[in-house]
Amino acid sequence: MTTEKAIERLKSSTGIEYSDEQLAILKARGGMRVLASAGSGKTTVLTHLVAKRILTGEIDPDTTMCTTFSKEGAGEMQQRLIELLQLVGVYTQVECRTMHSTYYQLIKKLGSKREQEFDICSNLNRTKFIRKAIKTNNLELTDEDILGVDSLLSYRINNLLSYEALANSPAYKIPLTVEELRAVAEEYSKLKREAHMLDFDDIQLLVYVHLVKNRDSKWIEYCRTKWKYIYVDEFQDVSKLQYAILEALCSDVSNLVVIGDDDQSIYGWRGANIRNILDFEKDFPDTEVIKLEQNYRSTKTILKAANT
């Protein structure tokens, strides 16, 4: 099916009249970075782009992955795609998942026996272990500062920082020396090992070691075979570590599409780096850049789009 016919089928099936910006995205081929402002319908455009490319045969749904940071966002994207594809007569599913669930799946599939034998450290257990690690080191902190320690430990891993670099970061706002923080982190890691647990930072760091640091051929081959086409929503919330993993996953930049708001990031506290979306063109020079700036939240058009 041609691009024009695919777009017409989407329009007739959903009742949406695409704007010039949306049409530019739907007609673009290959890799792309979409800079989308708040209220511009990022997820709607992304799901329609995936559906259009399935209709035209540009991508294979069986080797396509759509990913985002939050579980809620991944679930919404999955549901929208299922309903949209059914509307245009395509009865297949596209894998939509969070980044963390992707990393978890990879460890369970490819990790060593020792790496696979773990339970996920819940946020409740993480807080309990961090408090215990602080107490073991004979440190007294307020609840606010304990939260600060929690955030800093995650921030360090997501930004791939040494403790010394972290201490010089503007994010370092706790009343501990870097040596004290390191001691707390080591005790926290010990408590997790004893409980056979990994937290979400551990999981993504383990994947980073295999894919990026060690360039493990088994891992790279598996990922690039399983996911030939990758679509990333809310790209502004990706951390430096996750960005490096994404680069390792991509065998062909023409099959990578990212969409995000270059003015907004809600996960800066855990290392989300707005520079990723701004510097994307430098790292992936062969991808097209398109802006999506029209705000639909106050128009009738977005009401239609939200229901597709």
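**Notebook: rings, sheet and helix packing**

I looked up Tyr-243 first and found it buried, with a relative accessibility of 7%. The cut-off for buried is under 20%, so 7% qualifies. The model is a predicted one.

**Entry: overall counts**

I counted 15 helices and eight strands in the protein. Of its 308 residues, 52% are buried. I then took the contacts between residues at least 6 apart in sequence and found that 76% of them join residues at least 24 apart.

**Entry: the sheet**

I traced an open sheet of six strands and wrote down the order β3-β2-β6-β7-β1-β8, with parallel pairing. Which strands stand at the edges? They are β3 (95-98) and β8, and each has a single partner strand, so one side of each lacks a neighbour in the sheet. From one strand to the next I get an average twist of 15 degrees.

**Entry: strand β1**

I went through β1 (residues 32-36) residue by residue and found five of five buried. In a regular strand, side chains alternate between the two faces of the sheet. In β1, I see Met-32, Val-34 and Ala-36 pointing one way and Arg-33 and Leu-35 pointing the other. Both sets are buried, Arg-33 included.

Next I checked the pairing of β1. With β7 (residues 256-260) it forms four bridges in the parallel sense, and Met-32 has Val-257 as its bridge partner there. With β8 (residues 288-292) I count five bridges, again parallel. On that side Arg-33 stands opposite Val-289, and Ala-36 stands opposite Leu-292.

**Entry: helices across the sheet**

I looked for helices lying on these strands. Helix α2 (residues 20-27) lies across β1 and β8, and I get about 155 degrees between α2 and β8. Helix α3 (residues 42-56) lies across β1, β2 (64-68), β6 (229-232), β7 and β8. Its direction is at about 160 degrees to β7.

**Entry: α11 against α12**

At what angle do α11 and α12 pack? I get about 95 degrees for α11 (residues 200-213) and α12 (residues 217-226), with the axes 8 Å apart. That angle makes α11 roughly perpendicular to α12. From α11 I list Val-207, His-210 and Leu-211, which meet Trp-219, Ile-220 and Cys-223 of α12. By class, I have five nonpolar residues, one polar and no charged in this contact.

**Entry: aromatic pairs**

I describe a pair of aromatic rings by the distance of the centres and the angle of the planes. How many such pairs does the structure hold? I found two.

One is Tyr-104 with Phe-118, at 5.9 Å centre to centre and 80 degrees between the planes, which is edge-to-face. The two residues are 14 apart and link distant parts of the chain: Tyr-104 sits in helix α5 (residues 99-110), and Phe-118 in the loop between α6 (113-116) and β4 (119-120). I also checked their exposure. Tyr-104 is partly exposed at 31% relative accessible area, whereas Phe-118 is buried at 9%.

The other pair is Phe-235 with Tyr-243. Their ring centres are 6.0 Å apart and the planes stand at 50 degrees, so I enter this pair as tilted. Phe-235 has 0% relative accessibility and counts as buried. Tyr-243, where I started, is buried too.

Conventions:
Residues are numbered from 1 along each chain as its sequence is written. This is a predicted model: local features need pLDDT of at least 70, side-chain atom pairs count only at pLDDT 80 or more; totals for chains, interfaces and linings use all residues. Side-chain values use heavy atoms; hydrogens and water are left out. Buried means under 20% relative accessible area, exposed over 50%, partly exposed in between (1.4 Å probe, protein chains only). Two strands pair if DSSP finds at least two bridges between them. Axes are lines fitted to C-alpha atoms, for helices over the stretch in contact, and angles run from 0 to 180 degrees between N-to-C directions. Angles under 35 degrees count as roughly parallel, over 145 as roughly antiparallel, 65 to 115 as roughly perpendicular and the rest as oblique. Contact means heavy atoms within 4.5 Å. Ala, Val, Leu, Ile, Met, Phe, Trp, Tyr, Cys and Pro count as nonpolar, Asp, Glu, Lys and Arg as charged, and the others, Gly among them, as polar. Rings of Phe, Tyr and Trp (its six-membered ring) pair if their centres lie within 6.5 Å; planes under 30 degrees apart count as stacked, over 60 as edge-to-face and the rest as tilted.
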